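Student: I should like to examine this structure with you and learn how each term is justified.

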Protein chains: 2
Amino acid sequence: MPKIDAQRLLADLRHLRSIGAQGIGVVRPALSAADMEARRWLRGRYQAAGLAATIDGVGNLLGRSPNPGPGLLIGSHSDTQPTGGWLDGALGVIYGLEVVRALAEDPETQHLCVDAVSWQDEESRFFGCLGSRSFCGLMPAEVEEGLRDKDGVALGEAIAEAGLRDTPRLSVERERYLGFLEAHIEQGPHLEDDGQKIGVVSTIVGLRGTVFTFTGQQNHAGTTMMEGRKDAATALYALAHAINQEFPKAAGPRSVWTMGRAVVAPGAPSIVPGHAELELQFRDASDEVLDAMQAVADRLVAEVNAQGGASVEARPSRVQIAPAHMDPGFQEHLAAAAERHAPGQSVAMPSGAFHDAGIVCGVMPCGMLFIPSIGGISHDFAEDSHDDDIVLGCQVLADAAASILQAA
Amino acid sequence: MPKIDAQRLLADLRHLRSIGAQGIGVVRPALSAADMEARRWLRGRYQAAGLAATIDGVGNLLGRSPNPGPGLLIGSHSDTQPTGGWLDGALGVIYGLEVVRALAEDPETQHLCVDAVSWQDEESRFFGCLGSRSFCGLMPAEVEEGLRDKDGVALGEAIAEAGLRDTPRLSVERERYLGFLEAHIEQGPHLEDDGQKIGVVSTIVGLRGTVFTFTGQQNHAGTTMMEGRKDAATALYALAHAINQEFPKAAGPRSVWTMGRAVVAPGAPSIVPGHAELELQFRDASDEVLDAMQAVADRLVAEVNAQGGASVEARPSRVQIAPAHMDPGFQEHLAAAAERHAPGQSVAMPSGAFHDAGIVCGVMPCGMLFIPSIGGISHDFAEDSHDDDIVLGCQVLADAAASILQAA
């Protein structure tokens, strides 16, 4: 059984944290100077671990094992949120590196093929999971061409700025891999609340999005009587509140929904709004539950339109993601490895957040492992996990990787 | 009985419309080049009518009669909304000018004292009714100092740009006036809907404003379970919808309320909002009704806070206006004049919109007269009234002014 080096693992994680550090947080958005510095440092660590390491034309870092496949691809992403925590993505990247080293140091596993990877732009500076989509052949060129970040910087400019303009893209060699393993902090409270140490992900939840556009009649807020109004904001408040009241009847126990974007125009207190927009996003691991929630939203839209005030139209938002099921065999290996190192302290669970594995599972089997997040905090400088949980998770992943490869 | 000159009235209105014209609309915001051009043209028309005309340091245009007081002050405002109609304010200004001319041409009224006025910035580029507030001594210097328009231009810069930096302000000579008369388009549908020609304003409705600030916990929209959320937007939608459901029970038949400003932060579809703001504005002619509506809002805030999600705090918004009652004697004179020229076609009514008379009534008696707005449209390029209604309104105002002065 391969044995990871806890001090080496933690030292590498802390070094990666120092690149783009701001206080206890990390600011390393995709293709930024800090992101590229981190990828060049990681490339050196991959090389030192015996991998042939390459940064491709979108910034993906791939370290190829000298051993023949079929093997495993293991990693996550080293780009961060605009104001991110130190473990989101970074944990899974350093785990991949450490699993490569641990297997190479054990005579019983040193012949096994493990490639390590750090995907680019999981965090959606330009487009969520841009790097893994590109690697998997799931990023249409026409979509990529129009991409800009929130400051208006074009993806092509950022790639040129990062020195990657003439660098080719890598594409998946499908026959090389049994599958992809990704470890991640949970980003939620369940493991900690339930006293568990390892989550074995069953499904990455699906996500549906709907944009509601309300059309009313802009008017003077003093002289326009209530009965003559078509107030776009009134219709928005009614629909949003009704969704919050009615969704629990269709939702599953882990369903979530959010209406985090609402715009009322022109936005003046003394003008009856003529226009408004509301964006609804809802997630669940089951397509049937998502369908049921969608049906509720459709019914409520019809009810608002029947009331005769402002009208509302619904259209799907840009991102729609089907639930992604993790490979059952990989789940068994991960659960068995967890049981060996932390008996009775692992649990099967869905992932409420999206991950690169949700993309990569379109081209090969995937497995995911979670470790506890302190307080469930994520996408925040305060994001953290306990050192012993970090070490345990990596040991479980190394063990599972070895057992998957040895069973193949 | 003085007789107005319909052609002269309409010609002056059309000339004023041409200054800052954009299509059928007018763009003449306070202290803009077009606004100052209009005021200089009006100054010439005042002078031609025998008035001693002055533009003061904030842009108010006052034309003083050579006759001794006490007399009447008559006018409105010649600044417009950013994209305004041709009659809002302009109608009342040209009415004031025409009443001066008509009384001066009639041997029986030529001794009477009528001053004409065009107030500055009724439409709130910097501060609503800035000019009439300044004239009446109701504009605190410390408030005026900080004023900027929505593009960030300081009031002082705009005054300097208009060439008024070293021009003194005018202040009301209280003993000179019996009171102030203002005519205006209705900006609502009541006169047209009811087949009436003249509205005699009883009260300018009061306005209360409340800003609600919602404080929740910003979080990941995928991994934060519903029961653990403190979603600021959810609380906003609930309170706004409850206000729309409960206000009709406390409101009067002409009460209006609007929640035209709503902001959800950070405003991303995949982030549980941690902050939100909602602004409620409500109007009625009765302080008792306004108090009852306020009590409903207070109760609903307490209910949202009792639900244990995001919390909400309420504070009064910047502008709070008490109902302004028009002088009963002036109302009688206006109604009697209307009855002479349009028997059975005038009606007493509140004003749902605010006007300079709502400021000036703080220092002297005021009266207001409305003429019908086609389709009730206002604050829009399409704002219009029929020529015969325009002519009739001015004749009624001239007659009422003469009878007020003759009765004094």
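Tutor: Let us begin with a strand pairing in this predicted model. Val200(B) stands opposite Leu369(B) in β17(B).

Student: What makes strand β8 (residues 198-204) of chain B a partner of β17(B)?

Tutor: Two strands pair if DSSP finds at least two bridges between them. Here 2 bridges join β8 of chain B to β17(B), and the two run antiparallel, so the criterion is met.

Student: In which sense does strand β7 (residues 177-185) of chain B pair with β17(B)?

Tutor: The sense is parallel, over 6 bridges. In this pairing, His184(B) stands opposite Phe370(B).

Student: Why is strand β17 (residues 366-371) of chain B called largely enclosed?

Tutor: A residue is buried if 20 or more other C-beta atoms lie within 10 Å of its own. In β17(B), 6 of the 6 residues are buried, so the strand is largely enclosed by the rest of the structure.

Student: Which residues of β17(B) cover each side?

Tutor: In a regular strand the side chains alternate between the two faces of the sheet. On one side are Cys366(B), Met368(B) and Phe370(B), and on the other Gly367(B), Leu369(B) and Ile371(B); all are buried.

Student: How do you know what relation holds between chain A and chain B?

Tutor: A rotation of 180 degrees, with 0.1 Å of shift along its axis, superposes chain A on chain B with an RMSD of 0.1 Å. That is the relation of a two-fold axis. In chain A, the C-alpha nearest the axis belongs to Tyr237(A), 2.5 Å from it.

Note on methods. Residues numbered from 1 in each chain as written. Chains lettered and ligands numbered in written order. Predicted model: local features only at pLDDT ≥ 70, side-chain atom pairs only at ≥ 80, totals over all residues. Least-squares fit on C-alpha atoms with pLDDT ≥ 70 in both. Buried ≥ 20, exposed ≤ 12 C-beta atoms within 10 Å, placed from the backbone. Helix = DSSP H or I, 4+ residues; strand = E, 2+ residues; numbered from the N terminus.
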